[in-house]
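Welcome to a short set of exercises on reading a protein model. Have a look at the structure below, then work through each task before you read its solution.

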Amino acid sequence: MRLIRQFRGVLLGAIVAAAVLLGTGGPASAHDTAESTSPSSGATLAAPPEKVSVTFNHNPLALGSQIVVSSAAGSNWADGPVEIVDNVASQKLKAGAPAGQYTVQWRVASSDGHPIEGSFTFTAAAAAPGATAAAAVPTLGTPQPGTTQAPTPAPDASQPFPWSVMGFVAVGIGILVALALMAKRRLTPDAGSDTED
């Protein structure tokens with residue numbers, strides 16, 4: 001009877017330990033979110049801005065960050081790599097952007113390593129200073145530098161791995177302890193039988 005109580009206690013302890021370890025993975029798996037954009041979504045500006053930005057609730061990772069700023073004609077007006085300072089990811093625009101509606105599509109790796117993405121739009125009432133029809137032609141179909149460097153699947157694939165391993169380790173340790181106690185009890189059965197005789 002005492003052996004059964006010990007086994008139940010060890011098994012219960014292992015289950016509680018596994019639940020605690022797996023439960024702590026919940027808050028860590030919550031992804032970061034975008035708190036605001038500049039310009040704000042749906043805003044109408046006098047002219048295209050020099051840069052656009054997205055502010056997050058935590059600091060995103062620079063790995064694989066991408067911001068595409070597309071005009072109504074489909075041209076990408078992003079200039080250079082994404083700049084991340086603290087919790088703000090920003091993207092410079094090329095000079096001479098035309099008037100019209102722009103769609104900003106962003107993708108970054110959140111602080112927990114998972115890729116997050118979103119989009120917003122804004123409208124420029126007039127073209128940027130120095131904009132000409134000829135200036136827009138070279139950008140048509142020009143890929144943004146660095147868009148092929150998006151190794152975000154690696155952090156995404158490895159994020160849940162440590163938590164599941166920790167849970168298995170905790171359950172495994174609990175089972176090993178229970179088996180060790182049972183084996184120890186079975187190796188010394190004479191002590192119990194002597195007292196009964």
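## Exercise 1: Two salt bridges

Glu 83 has a relative accessible area of 36%, so Glu 83 is partly exposed. Keep in mind throughout that this is a predicted model.

**Task.** Find the partner of Glu 83 in a salt bridge, and then describe the salt bridge of Arg 107.

**Solution.**
- Step 1. Glu 83 pairs with Lys 92, and their closest N and O atoms are 3.9 Å apart. The cut-off for a salt bridge is within 4 Å, so this pair counts.
- Step 2. Lys 92 is also partly exposed, because its relative accessibility of 45% falls between the limits of 20% and 50%.
- Step 3. Arg 107 forms a salt bridge with Glu 117, with 3.0 Å between the closest N and O atoms. This pair links distant parts of the chain: Arg 107 sits in strand 7 and Glu 117 in strand 8 (residues 115-124), ten residues apart.
- Step 4. Arg 107 is partly exposed at 27%, whereas Glu 117 is exposed at 55%.
- Step 5. The structure holds two salt bridges.

## Exercise 2: Reading a sheet

**Task.** In what order do the four strands of the open sheet lie, and which are the edge strands?

**Solution.**
- Step 1. Start with the whole chain: it has six helices and eight strands. Along the sequence the pattern reads α-α-β-β-β-β-β-β-β-β-α-α-α-α.
- Step 2. Four strands form the open sheet in the order 1-3-6-5, with antiparallel pairing.
- Step 3. Strand 1 and strand 5 are the edge strands, as each pairs on one side only. On average, neighbouring strands of this sheet are turned by 20° against each other, direction ignored.
- Step 4. Now look at one pair: strand 3 (residues 51-56) and strand 6 are joined in the antiparallel sense over five bridges. Ser 53 has Ser 90 in strand 6 as its bridge partner.
- Step 5. A general point helps here: strands of a sheet pair through backbone hydrogen bonds.

## Exercise 3: Buried or exposed?

**Task.** Is Val 104 buried or exposed, and which residues does Val 104 touch?

**Solution.**
- Step 1. Locate Val 104 in strand 7 (residues 100-109).
- Step 2. Buried means under 20% relative accessible area. Val 104 has 1%, so Val 104 is buried.
- Step 3. Leaving out residues up to four places away in sequence, the contacts of Val 104 include Val 52, Ile 67, Val 69 and Phe 120.
- Step 4. For comparison, Asp 86 is exposed at 55%. Asp 86 lies in the loop between strand 5 (83-85) and strand 6 (88-92), and its phi is near 55°, a positive value in a residue other than glycine.

## Exercise 4: A cis peptide bond

**Task.** Which two residues does a cis peptide bond join, and where does Pro 39 lie?

**Solution.**
- Step 1. The cis bond joins Ser 38 and Pro 39, with omega about 0°.
- Step 2. Pro 39 is placed in the loop between strand 1 (34-38) and strand 2 (43-45).

## Exercise 5: How confident is the model?

**Task.** What is the average pLDDT of the protein chain, and over which residues does pLDDT stay under 50?

**Solution.**
- Step 1. The average is 74, and 60% of the residues score at least 70.
- Step 2. Residues 24-29 stay under 50, and the model has six contacts for them beyond four places in sequence. Residues 145-163 are also below 50.
- Step 3. Where pLDDT is low, the predicted coordinates should not be read in detail.

How values were computed
Residues are numbered from 1 along each chain as its sequence is written. This is a predicted model: local features need pLDDT of at least 70, side-chain atom pairs count only at pLDDT 80 or more; totals for chains, interfaces and linings use all residues. Side-chain values use heavy atoms; hydrogens and water are left out. Helices (H or I, at least four residues) and strands (E, at least two) are DSSP runs, numbered from the N terminus. Buried means under 20% relative accessible area, exposed over 50%, partly exposed in between (1.4 Å probe, protein chains only). Two strands pair if DSSP finds at least two bridges between them. Axes are lines fitted to C-alpha atoms, for helices over the stretch in contact, and angles run from 0 to 180 degrees between N-to-C directions. Contact means heavy atoms within 4.5 Å. pLDDT is the predictor's confidence in each residue, from 0 to 100. A salt bridge is a side-chain nitrogen of Lys or Arg within 4 Å of a carboxyl oxygen of Asp or Glu.
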